[in-house]
Amino acid sequence: MGKKKKGGDRKGKKRPKKTKPSAKYKKYVVEENKIVKKGKPCPKCGSGVFLAEHKERLSCGRCSYMESKKSETAKKEAE
Ligand SMILES: [Zn+2]
């Protein structure tokens with residue numbers, strides 16, 4: 001009887017985590033009611049996975065596929 005509430009907060013309240021929107025959503029830009037895909041999809045993972053853009057290359061964070069930007073442009077020039 002008459003006991004005070006004790007402890008309780010020792011474990012810390014569970015704070016709701018701020019969930020970041022998945023990175024791939026940044027690759028989508030909505031323009032006038034249509035969705036424009038930005039970035040290049042990974043040929044291995046499919047169109048749902050985009051390649052991360054680096055200075056000289058593109059890479060997939062999922063399957064670690066890598067593609068050189070330089071070779072791509074060189075290819076086009078050669079054709
Ligand atoms: Zn991939």
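Helices and strands here are DSSP runs, with at least four residues for a helix and at least two for a strand, numbered from the N terminus. The model is predicted.

Start with the whole protein, coloured by secondary structure. Along the sequence the pattern reads β-β-β-β-β-β-α, that is, six strands and one helix. Now colour by burial: of the 79 residues, 4% are buried. Contacts tell a further part of the story. Among those with a separation of 6 or more, 2% join residues 24 or more positions apart.

Next, select strands 3, 4, 5 and 6. They form an open sheet in the order 3-4-5-6, and the pairing is antiparallel. Strand 3 (41-42) and strand 6 (66-68) are the edges, each pairing on one side only.

Zoom in on one edge by selecting 41-42 together with residues 46-53, which are strand 4. Two bridges hold this antiparallel pair of strands 3 and 4. Which residue of strand 4 stands opposite Cys 42? Show Gly 46 to see the partner of Cys 42.

Move on to the loop between strand 5 (57-60) and strand 6, and select Ser 64 there. Check the backbone torsion: phi of Ser 64 is near 55°, a positive value in a residue that is not glycine. Most residues other than glycine have a negative phi. Is Ser 64 buried or exposed? Ser 64 counts as exposed because 9 C-beta neighbours lie inside 10 Å, and the cut-off for exposed is 12 or fewer.

Terms used: Residues are numbered from 1 along each chain as its sequence is written. This is a predicted model: local features need pLDDT of at least 70, side-chain atom pairs count only at pLDDT 80 or more; totals for chains, interfaces and linings use all residues. Two strands pair if DSSP finds at least two bridges between them. A residue is buried if 20 or more other C-beta atoms lie within 10 Å of its own, exposed if 12 or fewer, and partly exposed in between; C-beta atoms are placed from the backbone. Two residues are in contact if their C-beta atoms, placed from the backbone, lie within 7 Å.
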